[in-house]
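Thanks for coming, everyone. I'd like to walk you through one structure this morning. Please have a look at it first.

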Amino acid sequence: MNMACEIIAVCNQKGGVGKTTTAVNLAASLAYRNRKVLLIDLDAQGNATTGSGIDKNAFEWGTYHILTGETDIKNTILHSETGHYDIIASNRDLTGIEVQLIHKPAREMCLKTALAEIRENYDYVLIDCPPTLSLLLLNGLAAADSILIPMVCEYYALEGISDLLATIRKVRQTINPKLDILGVVFTMFTTQNKLSQDVSSQLRNHFEQRVFRTTIPRNVRLAEAPSFGMPALAYDDKAKGTQAYLDLADEIMGFKRATSSASYLKKVLM
Ligand code: ADP
Ligand code: MG
């Protein structure tokens, strides 16, 4: 097993905070730095699939079929030509998965079990998680080594945190005791705004050193790129947003993967 492989769930129980944008652009940035990357689309909206240049109505095997066990994970791996990473695709079929799995034993562990077979082929596996607490999200959190939390610095971000922390706590008590917090990344950041300054300092107080130094600015190129089926690196490599995701990739690659101090997690997850 490639112990160096890190499986990162990009997760926040709020929608529209930049989970998919972060998953796609971080995948492309890590690939640009010559890391072997697999992106897993775990959201029935299939935005990470489309944003990677894969037609979500035309692929044969995807995340759905891994979870149902219909095929081996190796048959589901596609390649993003625009992002230069591997991807496992999703579409709206995934909405029916809860019903499909209802009688399956250990149904939260399907993704983890499948990934064990291929993780040695990658340096990073990124999982684009759905927003709602569901069997899909639990599969993502059970399979992950750590979670990366994109947050928008607005008042409602603070409200959402307690839900997210409660979920992490519960997952650590049950299906994945080793789940770590990789860090919080601020997305769609605008510096001019007093409120976002206040909120970001509150979040930094809570998560301390686990807030990434890199912040992702609000940048229209990041919003435009998916409509061309591309990560921003392929669409406009000079854009501020593109550069920010490269910086985030560098920061993540620079981590010495020490196990999280138990006292840190205890405090944050309190
Ligand atoms: P989530 O996956 O959490 O629902 P998305 O990544 O889909 O969030 O982002 C929500 C919307 O905001 C999308 O339309 C996306 O293009 C846009 N967006 C995300 N990050 C940025 C950014 N840094 N600058 C501008 N637009 C962004
Ligand atoms: Mg999304």
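I'll go from the sheet to the core, then to the ligand and a few single residues.

One thing up front: this is a predicted model. Keep that in mind throughout.

Let's start with the record. UniProt, in an unreviewed entry, lists residues 6-181 as "domain: AAA". Over that stretch the chain is 36% helix and 18% strand. Its end C-alpha atoms are 12 Å apart.

Now the sheet. It is open and has 7 strands. Read across, the order is β3-β4-β2-β5-β1-β6-β7. The pairing is mixed. Which strands stand at the edges? They are β3, residues 78-80, and β7, residues 180-187. Each has a single partner strand, so one side of each is left without a neighbour in the sheet. Neighbouring strands are turned by 25° against each other on average, direction ignored.

Take the β7 edge. Its partner β6 covers residues 146-152. The two strands run parallel, joined by 7 bridges. For one pair to look at, find I149: its bridge partner in β7 is V184.

Now the other edge. β3 and β4 are antiparallel, with 3 bridges between them. L78 stands opposite I87 of β4. These two strands form a hairpin with 4 residues in between. H84 sits in that loop. Its phi is near 60°, which is positive, and it is not a glycine. As a rule, most residues other than glycine have a negative phi. Is H84 buried or exposed? In between: it has 17 C-beta neighbours inside 10 Å, so it counts as partly exposed.

Next, β4 itself. Y85 and I87 point one way from the strand. D86 and I88 point the other way. All four are buried. β4 also pairs with β2, in parallel, over 3 bridges. There, I40 has I88 as its bridge partner in β4.

On to the helix that lies over this sheet. α1 is residues 19-32. It lies across β1, β2, β4, β5, β6 and β7. Against β5 it runs at about 165°.

That brings us to the core. The largest nonpolar core has 84 residues. Which of them touch the most other members? I8, A27, V37, L39, L126 and I127. And α1 gives the most to this core, with 8 residues. L39 is a good one to click on. Setting aside neighbours within four places in sequence, its contacts include A23, V24 and A27. Y85 and I87 are also among them, and so are L126 and D128.

Now the ligand. How many residues surround ligand 1? The count is 16. The closest are G18, K19, T20, T21 and A223. Two elements give two or more residues to that shell: α1 and α9, which is residues 220-224. α1 gives the most, with 3. So keep an eye on α1: it gives the most to the core, and the most to the ligand shell.

Next stop, α6, residues 135-143. Of its 9 residues, 8 are buried, so the helix is largely enclosed by the rest of the structure. Among the buried ones are L136, L137 and L138. What do they pack against? The list is β1, α3, α4, α5, β5 and α7.

Just before that helix, look at C129. It is found in the loop between β5 and α6. It has 28 C-beta neighbours inside 10 Å, and 20 is enough to count as buried, so C129 is buried. Leaving out residues up to four places away in sequence, C129 touches A9, V10, C11, K19, L42, D43, L137 and G140. K19 should ring a bell: it is one of the residues closest to ligand 1. C129 and A142 are 13 residues apart along the chain, and their C-alpha atoms are separated by 12 Å.

Last residue: E208. It lies in the loop between α8 and α9. Its phi is near 50°, again positive and again not a glycine. E208 has 12 other C-beta atoms within 10 Å, so it is exposed.

That's the tour. Questions, please.

Notes
Residues numbered from 1 in each chain as written. Chains lettered and ligands numbered in written order. Predicted model: local features only at pLDDT ≥ 70, side-chain atom pairs only at ≥ 80, totals over all residues. Pairing = 2+ DSSP bridges. Axes fitted to C-alpha atoms, helices over the stretch in contact; angles between N-to-C directions. Contact = placed C-beta atoms within 7 Å. Core = buried A, V, L, I, M, F, W, Y, C linked by C-beta atoms within 7 Å. UniProt positions renumbered as here; feature names shortened; annotations may be inferred. Near = placed C-beta within 6 Å.
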